[in-house]
Amino acid sequence: MDSMPVNWEALDTLIVDFAKSENLIEDSVTCSPSSSPSSSSYRQRMVIRQIRRSLEVGDIDAATDLLRVHAPFILDDHRFLFRLQKQKFIELLRSGTAEARESAIDCLRTVLAPCALDAYPEAYEEFKHVLLAFIYDKDDPTSLVAHEWSERRRFDIAGLISSVLRAHMHAYDPLFAMALRYLISIHKGFCFRKGISSPISDLTLRLLLEERDPPATPQERLYEVPPFDEVDIQALAHAVELTRQGAIDSLRFAKGDLFQAFQNELCRMRLDDSMLDELVREYCIYRGIVDSGLASSSVSGIQPLSEPLKVNELDPGFSSSRSCSLEVDCETNKHSDGESSISNAHTNNSPEINADMMGKGTDVEIRHSCEPTGNHDDCSTSETHGPENSRVLQRHRSHGTGERSKRKRWRGRYDKHNSVPDVQQELTATAAATSTNLLEERQGLGLSLDSIGNRENMYETLLAMKDLASRGMAAEVVAEVNRIDPEFFGQNPVLLFQLKQIEFLKLVSTGDHSGALRVACSHLGPLAANDPLLLKALKETLLALLRPNEDALGRCLPLHALATSLQVAIGQRLGIEEPQLMKMMRAMLYAHNEWFKIQMCKDRFEGLLKIDSLKEINTPLLSDAASKSNAEASTNGSSQVTVSSSGRIVEDGSSPTQVSSGDVVCDENAILKVMEFLALPRADAIHLLAQYNGNAETVIQQIFA
């Protein structure tokens, strides 16, 4: 399966927001987790989890006490009170003591019987049926109430109460968790429809659980809500795999709010929290968001061997004074023009960079002084200037301890009850096996570890080069990469071309046209001659000579995307495998893109979940052909540019007038009619309409004939 480029800075924002919302990370010991702006929502989710756990273990009294304090409306609703008390009756009988049996009889008389009279129409019949539990023991194979004795009933009522509480409190999971559920669901549907195997099925099958929480049912008075727009009904039904009636009930419960109903349904899907946390931690360490040394002694996918990743010993009193200055604005949606909220390198002592924070959120204006000195006139990729450039990287390494103090620290999930201990070991074993193979391949290439140091230095070197690339220090990056692996750019010519583009544009911006032309003649020209796909990008790059006063570097090249591609490619050469979450996101976003090409419409929910921001990568100076060349050259890694979509997608997310399918133009009302009457997906409805000249009545008649 193909993959597509991802805006990793946008994903960073979603990941950091998720980790903060779940209190998985913290800035320092002096920064209290309760000071988080999302702590109120976190506390509500924790209350819901606590109630859920109490119900799942059969402690109905504890759950009732919590509900009485935090959600008394649940106990005022006899539909829920009846279910809770019926389960309490079963749990009392399950204990088997004479005292508990008397308490069960008292529960019947005082609470269960009165509730059964007006809870819901079937409640009284259920009440009479549950009395058979006095006769049939829980271990009786001939029991007529075996389903009442089943412990599965605990999980059903726990899921139902959780669904209602979540919707009432608006205590939804963080956007990233909801987007992950949605993308996995679409990815599975796309693979099933195309009849292809998923390259990430081993992860998605374990991450997204099969069972869902029961839906929250609307109260009877809500059945008076006027009919909903069929567009909303079909959009919800196919987005979260509901029947049409299920979508209508969900909209009724949400009082017609499509997006609230969508979030309610997404949160009914269950994720393996332990596995999700491990994937997020692995990603955060790789991206330099979280300090690897303080996160854990074992990081899956980061260490090249199965041994724990070692870090330098810190001063005992150092951790208490860690800075809380690194803040990430999680409301920022666009990060495609060299914007970043996370810095991995010290810039105060660097004469090459002057980065000032401008505006709000994560907007960063990067100004490059780049004086045309004699040391850089020839812009060589050889090791001629290796020592000078190595000192630049060494300066970044020397501030490693200080930079780690700016990174977040992994706190871990406070809620340990749902953890699955095998998940971390499985992820670690898989990544370690892959990394070992990559390490053996790297050793076969004759690369020496002496110039890099131990594994920790290797990892910190990657982060330092990623930071240099994200700041536009192309000459330094090229020299350092050549020093570490002289054969790297021979196998990754497109990455070298892009780095030399940056160097060319920097020289143009400083007025050194002679130096810029030397770079073009020495490197850009020969690279384009060897790969004709780069010729268009070369021509567009040379146009910068006509516009010397424009900020072509910041406007046209996504430095952060290039930096990530460089990190992935070099990491693979050094035996450091990229996080599994990155592989998942590429595959899932590709499936999402292709799925809505098939549907011939725009995803109405991608803006809500910030999926659109994950696809926003603008690279005018890099041709689509160059992008294709990069994708083919690095299957598991880099993604520098956005591949233009050739599929026709309706831009209006509500109700388009017509959709073209081949030579037949299908009216949107006809599509909705076929979807409604035949309960078909949108793509199948369009396909049938195309066979019958777009006539919905003819399609329906032929199906029922």
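## Charged pairs in a predicted model

Visitor: Are Lys597 and Glu594 buried or exposed?
Guide: A quick note first: this is a predicted model, where local features need pLDDT of at least 70, side-chain atom pairs count only at pLDDT 80 or more, and totals for chains, interfaces and linings use all residues. Residues are numbered from 1 along each chain as its sequence is written, and side-chain values use heavy atoms, with hydrogens and water left out. Here buried means under 20% relative accessible area, exposed over 50%, and partly exposed in between, using a 1.4 Å probe and protein chains only. By that yardstick, Lys597 and Glu594 are both buried.

Visitor: How far apart are the closest N and O atoms of Lys597 and Glu594?
Guide: These two form a salt bridge, that is, a side-chain nitrogen of Lys or Arg within 4 Å of a carboxyl oxygen of Asp or Glu. For Lys597 and Glu594, the closest N and O atoms are apart by 3.1 Å.

Visitor: Which helix holds Lys597 and Glu594?
Guide: Helices (H or I, at least four residues) and strands (E, at least two) are DSSP runs, numbered from the N terminus. Lys597 and Glu594 sit three residues apart, about one turn of the helix, and both lie in H28 (residues 580-599).

Visitor: Why does Glu265 count as buried?
Guide: Glu265 has a salt bridge with Arg268, at 2.5 Å between the closest N and O atoms, and both lie in helix H14 (residues 258-268). Arg268 counts as buried because its relative accessibility is 10%. Glu265 counts as buried because its own relative accessibility is 5%.

Visitor: How many residues apart are Arg413 and Glu22?
Guide: This pair makes a salt bridge too, with the closest N and O atoms 3.5 Å apart. It links distant parts of the chain: Arg413 is in the loop between strand S6 (409-410) and helix H19 (421-444), while Glu22 is in the loop between helix H1 (8-21) and strand S1 (25-26). Arg413 and Glu22 are both buried. Along the chain, their separation is 391 residues.

Visitor: Which residues are linked with Glu22 and Arg413 in a network of salt bridges?
Guide: Glu22 and Arg413 belong to a network. The other residues linked in it are Arg45, Arg49 and Asp277.

Visitor: What is the phi of Asn23 near?
Guide: Asn23 is in the loop between H1 and S1. Asn23 is buried, because its relative accessible area is 8%. Its phi is positive in a residue other than glycine, near 55 degrees.

Visitor: How many salt bridges does the count come to?
Guide: Going by the salt-bridge rule given above, the count comes to 41.
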